Amino acid sequence: MAKANMSLTRNPMPTQDPQVRAHNFSEVALGYTKETAIDEAMRCLNCKNMPCVSGCPVKIHIPEFIEKIKEGEFEAAYQIISQSSSLPAVCGRVCPQETQCESKCIRGVKGESVGIGRLERFVADWHNTFCTEEPVRPEPKGHKVAIVGSGPSGLTCAGDLAKKGYEVTVFEALHTAGGVLVYGIPEFRLPKAIVAKEVETLEKLGVKVETNVVIGKTLTVDELFDMGYEAVFIGSGAGLPNFMNIPGESLKGVYSANEFLTRSNLMKAYLEQPETPIMKGGNVAVVGGGNVAMDAARTALRLGADKVYIVYRRSMEELPARREEVEHAEEEGIEFRLLCNPVEILGYNNPDDPRDPKNGFVTGMRCVKMELGEPDAKGRRRPVEIPNSEFEIAVDTVIMSIGTSPNPLIKSTTEGLEVNSRGGIIVNEDGLTSRNAVYAGGDAVTGAATVISAMGAGKTAAKAIDEYLSK
Amino acid sequence: MYKIVEKKVLNPTVVQLQIEAPLVANKAKPGQFIILRVDESGERIPLTVAGTNKEKGTVKIIFQIVGGTTEKLSHKEEGEYIQDFVGPLGVATHLDGLKKVCIVGGGVGCAIAMPIAEKLHEIGAEVTSIIGFRNKDLLILEDEFRACSNTLRIMTDDGSYGEHGNVTVPLKEMLEAGEQFDMIITIGPLIMMKFVVATAKPFGTPVTVSMNPIMIDGTGMCGGCRLTLNVDGKKVTKFACVDGPDFNGYEVDFDEAMSRGRMYFDFERHAHDAACNLFKKEVK
C-alpha cells in the first residue's frame with residue numbers, strides 16, 4: 001500500500017470555465033479522474049472510530065469504500081456505498097457534505113477534510129459507465145408496499161424494500177419520476193440522465209413506477225389499502241410555494257422558484273424552441289438565499305439574462321445556501337444584493353391605453369435596506385428595516401424563492417392523518433404516522449430540507465415497514 | 001400512454017376526444033379537470049372534464065384550438081395515443097342542495113358547463129341554460145343542453161342562430177322579471193364571466209365562476225395559477241388548481257386574471273403558427 005497523502009489541501013474539483021458555463025446547461029463540476037480519485041483517497045487515514053460515518057444521515061461505510069478506491073477496486077467501492085445509499089450518483093453531487101460527513105473528518109482539523117462527496121461521485125459515475133452487471137432481483141416476499149412520490153425519500157424507501165423482496169409500487173403525480181431531483185435541481189448541477197439511471201436501477205430490482213397518479217386525487221391512501229397494499233410510505237415533498245404577500249406579486253414576470261425551475265428543468269424550456277414557455281432575458285431578481293435561490297439565479301443567467309441579482313435580507317454570513325453554490329454563482333457573475341428586502345414589485349401601466357401589451361409586466365422592484373439586530377430563537381441575527389432607505393432596481397423578472405410548505409393534498413383526503421401547525425405530517429422515530437401502516441418522511445414531514453435527510457427518512461421508514469410486515 | 005377511443009370535430013375550432021383513462025374516469029366529477037401532454041416534448045395543459053364513462057373507462061375532453069399544443073392535439077386520430085393524462089384535479093363543483101340554477105356558458109366553456117347541467121338535472125334541480133357563441137358555425141352541444149335544461153336560451157353575437165346578443169341579455173331579463181336562482185354557474189371567457197357577475201350583482205344572486213389559468217403541475221406545486229380574491233376587503237391569494245377551479249364570482253379579481261392569462265401571448269401565437277406550418281395548414 002502506498003503511503004498516505006498528507007497534503008493539507010484536497011484535490012480541487014475540475015469545473016467548466018465560469019465564462020463558458022454561464023451560457024450552457026452542461027454540468028458545472030466535471031468529476032475526478034481515476035488518478036485524482038486515488039490520490040484523494042490516499043488522504044483518508046481510515047480512522048478506527050469513523051467520525052465521518054456519524055455525520056452521514058444514511059450511514060455510508062465511508063472509510064471502507066475509500067479503502068477500495070485506494071486499491072483501484074472502484075466497483076467494490078460502489079457496492080459498499082450502495083449497501084447504504086440507493087442514489088450514490090445523486091448524493092455525490094447534491095449532498096451538503098461540508099456540513100455532514102466532511103465536517104467530522106479528522107483531516108479537516110488541520111487543513112481540508114477528505115473530499116468524500118467527490119469520491120462518492122467518482123465511484124458512482126464509474127459504476128454507471130463501466131458496470132454492465134444487472135442487479136439481482138431478490139426472492140419475492142409476497143408483500144405489497146405503496147410509495148407516494150418518487151423524490152429522494154420515496155426512491156430510497158422503495159429501493160431498500162425492493163432489495164428485501166417486497167413488491168413495491170411508486171406513485172408519481174408528474175409525468176417523470178424523480179420528484180425534486182427532476183423538477184427542482186437544474187441539469188447543470190444534476191444531469192437528468194443520472195436520475196433516470198438511478199430510477200432504472202430500481203426498476204431492475206423490481207420496483208414499479210406509476211407516473212400520472214396523484215395520490216389524494218386519482219387514488220386515495222385508503223384505496224391503496226383496498227388494492228392490497230399492506231403499508232404506505234408518503235414522501236410527497238414540500239410542494240407548496242410561499243409568496244411574500246407584497247403588492248405586485250401577481251404581475252406578469254413574477255414566478256415562484258418552483259414554477260421557474262419546473263418550466264426549465266422538467267418541461268425543458270431551456271432547450272431551443274421549447275413547447276413550454278418561460279420568460280428569459282432582461283434583468284432578473286431572485287428573492288431568497290437558499291440553494292433553490294442559487295439554482296433559480298444560475299438558471300436565469302443561462303437562459304440569457306443580462307443581469308441576475310440575488311436579493312437577500314441578511315448578510316453573506318447567514319446565507320443558507322451551500323458555500324460551493326454561492327461561489328459558483330459569484331464566479332458566473334450573479335450579483336448579490338445583501339441586507340435588502342423587497343417591499344413592492346412594480347409593473348408597467350399605460351394610463352392612456354389599457355390594451356397596451358406591455359401593461360401588467362414587471363418593470364422593477366422596490367426594496368428597503370436592512371441591518372442585523374438581535375439574534376432570534378435559532379441564533380440567527382434578525383434583519384431590521386432601516387427607515388427611509390427605500391430604493392428601486394430595474395428588473396423584468398422576479399423569482400420568489402422564500403421556501404415551500406408541505407403539500408396538503410394527501411392530508412386533506414386521508415382521514416386520521418395528523419399534521420403539525422406548518423402542515424408537516426407528524427411521525428414517530430420510525431416514520432410511522434398517526435395512521436396504522438402509513439409511514440412518511442422527507443419534506444412532507446420536515447418542510448423543505450436536504451435530499452440526503454429525505455433519503456435518511458426513507459431508509460428509516462423502510463426498516464420500520466420491513467419489521468411491521470415481518471411480524 | 002393513453003388511447004384516443006373516439007374523436008368528433010364539433011365545429012371548425014372545437015374538437016371532442018374520448019380518452020381511455022379508467023382511474024380518472026372512475027373518480028372525475030363535474031367541475032374537475034385533467035392535465036395532458038400530447039407527446040414527449042409537449043407542454044402540460046389543463047382541460048376541464050366534459051364527461052366520463054365509468055364502464056368503458058373513458059374521459060371526454062372538449063377543447064378549442066388556440067395554441068401549439070391544442071393544434072397538435074387536434075391532429076391526433078382515433079386509435080392513436082397521447083403521452084400523459086392525469087387527474088381528476090381540482091375541487092368538484094358544489095351542487096348539493098341546489099334546487100334552481102342558471103347555467104351561463106360561453107363558447108367552448110359550454111363543454112364544461114354541460115356535465116354540470118346534466119348532474120343538476122339528474123339530482124332534480126330546475127335548470128335554466130344560457131349558452132352563447134360568436135356565430136352559428138361555432139355552436140356546440142345544443143341537443144345535450146336541450147336534454148337537461150328546463151329552459152334553454154341560445155345566443156349568438158351576430159344573430160346567425162338563436163337570439164342576437166350576448167348571454168347577459170337574457171340573464172338580466174330573467175333576473176328583472178323576478179326569477180330567483182339559488183345559484184348562477186358561469187363558465188366561459190373571463191370577460192364574459194366578469195359581466196355575468198356584474199349583471200347578477202344588483203340582484204344579489206350567488207355566482208360561481210370556473211377559472212382556467214395557466215398551469216403546470218396542477219397539484220399546487222408551482223403557484224403559476226394563482227389568482228387574487230377580495231374577501232371582505234382583504235386580498236387573498238388562491239391557487240386555481242387545488243383551491244378551485246370554482247370560485248365565488250364576487251370575490252375574483254378578473255382584471256388581474258385576464259392580464260396574467262396573456263403572459264405568454266406572443267409565445268403562444270408563434271407556437272400555434274409553427275404547429276400549423278408543421279401540419280401545412282393555413283394560418284388564419
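**Notes on the two-chain model**

1. Starting with one small detail: in β6(B), Tyr2(B) has Ile82(B) as its bridge partner. Keep in mind that this is a predicted model. That pair belongs to a wider match-up, in which strand β1 (residues 2–11) of chain B and β6(B) run antiparallel to each other, joined over two bridges.

2. Zooming out to the sheet in chain B: seven strands make an open sheet, and the order is β6-β1-β2-β5-β4-β3-β7, with antiparallel pairing. β6 (81–82) and β7 of chain B sit at the edges with a single partner strand each, so one side of each has no neighbour in the sheet.

3. There's a helix to look at here too. Helix α3 (residues 110–122) of chain B lies across β4 (45–53) and β5 (58–64) of chain B. Relative to β4(B), helix α3 of chain B runs at about 35 degrees.

4. Now for the contact between the chains: 34 residues come from chain B and 29 residues from chain A. Which element gives the most to the side of chain B that touches chain A? That's β7(B), with six residues. It is also one of the two edge strands in point 2. Elements that each supply at least two residues to this side of chain B include α1 (22–27), α2 (68–74), β14 (226–231), α8 (254–261) and α9 (265–278). As for chemistry, the side of chain B that touches chain A is a mix of 14 nonpolar, twelve polar and eight charged residues.

5. Over in chain A, the chain splits into domain 1 (18–130), domain 2 (144–239 + 405–470) and domain 3 (243–402). Note that domain 2 is written as two stretches. Taken over C-alpha atoms, the centres of domain 2 and domain 3 of chain A are 31 Å apart. Each of these two domains of chain A puts ten residues into their contact. On the domain 2 side, those residues of chain A are six nonpolar, two polar and two charged.

6. Last, a helix pair in chain A. Helix α12 (residues 257–265) and helix α13 (residues 291–302) of chain A pack at an angle of about 50 degrees, and their axes are 10 Å apart. That angle makes α12(A) oblique to α13(A), and the crossing is left-handed. If you want to find the contact on screen, look for Ala257(A), Phe260(A), Leu261(A) and Ser264(A) in α12(A), which meet Val292(A), Ala293(A), Asp295(A), Ala296(A) and Thr299(A) in α13(A). By class, the contact has six nonpolar residues, two polar and one charged.

Note on methods:
Residues numbered from 1 in each chain as written. Chains lettered and ligands numbered in written order. Predicted model: local features only at pLDDT ≥ 70, side-chain atom pairs only at ≥ 80, totals over all residues. Domains from an automatic or database assignment. Contact = placed C-beta atoms within 7 Å. Nonpolar A, V, L, I, M, F, W, Y, C, P; charged D, E, K, R; others polar. Helix = DSSP H or I, 4+ residues; strand = E, 2+ residues; numbered from the N terminus. Pairing = 2+ DSSP bridges. Axes fitted to C-alpha atoms, helices over the stretch in contact; angles between N-to-C directions. Parallel < 35°, antiparallel > 145°, perpendicular 65-115°, else oblique. Left-handed = near helix turned anticlockwise from the far one by under 90°.
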